[in-house]
Amino acid sequence: MSEEEVKSLGTPFYSLKSKGTGLGLMICFNIVEKYNGRIEFKSLKDHGTTTLVRFPYCNRAKAKYKRNLQK
């Protein structure tokens, strides 16, 4: 994707697909934002795109994960 295309990702009704609605990534951005995360894109035109989704570390999540492992 070009730099312009990457900048437009997550914009409502923006899609690179012929039958796309342009709502999928917008919803993803909203969910990630709700949990204080972020989405990053690295793209080389005609070579591919890498997406990185990050969420903040949370001690409660770690404790719950450990409890589930012990069951």
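How many helices and strands does the secondary structure of the protein chain come to? In this predicted model, the count is 3 helices and 2 strands.

**Figure 1. Overall fold of the protein chain.** Along the sequence, the elements of the protein chain appear in the pattern α-α-β-β-α. The radius of gyration is 16 Å, well over the 11 Å that the globule rule gives for 71 residues, so the protein chain is more spread out than a compact globule. The C-alpha trace spans about 45 × 25 × 20 Å along its principal axes. Of contacts between residues at least 6 apart in sequence, 15% join residues at least 24 apart.

**Figure 2. Surface and charges of the protein chain.** Buried residues account for 10% of the 71 residues. The exposed area of the protein chain is about 6300 Å², and carbon and sulfur atoms supply 55% of that area. The protein chain carries 14 positive and 6 negative charges, and the mean positions of these two sets lie 19 Å apart. The structure holds 4 salt bridges; the views below show pairs from this set.

**Figure 3. The salt bridge between K7 and E3 in helix 1.** The side chains of K7 and E3 meet at 3.5 Å, N to O. Both residues belong to helix 1 (residues 3-8), and because they are 4 residues apart there, about one helical turn separates them. K7 is exposed, at a relative accessible area of 57%. E3 is exposed as well, at 58%.

**Figure 4. The salt bridge between E5 and K45.** The N to O distance between the side chains of E5 and K45 is 3.9 Å. E5 lies in helix 1, while K45 sits in the loop between strand 1 (38-44) and strand 2 (48-54), so this salt bridge ties together parts that are 40 residues apart in sequence. K45 counts as partly exposed, with 47% relative accessibility.

**Figure 5. The salt bridge between R54 and E40, and its network.** In the pair formed by R54 and E40, the closest N and O atoms are 3.7 Å apart. R54 belongs to strand 2 and E40 to strand 1, so the pair links distant parts of the chain, 14 residues apart. R54 is partly exposed, with a relative accessible area of 42%. E40 is also partly exposed, and its relative accessible area is 26%. Which residues are linked with E40 in a network of salt bridges? The network consists of R38, E40 and R54.

Key. Residues numbered from 1 in each chain as written. Predicted model: local features only at pLDDT ≥ 70, side-chain atom pairs only at ≥ 80, totals over all residues. Heavy atoms only, no water. Rg over C-alpha atoms; globule rule 2.2 N^0.38 Å. Buried < 20%, exposed > 50% of the residue type's maximum accessible area, 1.4 Å probe, protein only. Contact = heavy atoms within 4.5 Å. Areas by Shrake-Rupley, 256 points an atom, 1.4 Å probe, with all protein chains shown as cover. Lys, Arg positive; Asp, Glu negative; His and termini not counted. Charge placed at Lys NZ, Arg CZ, Asp CG, Glu CD.
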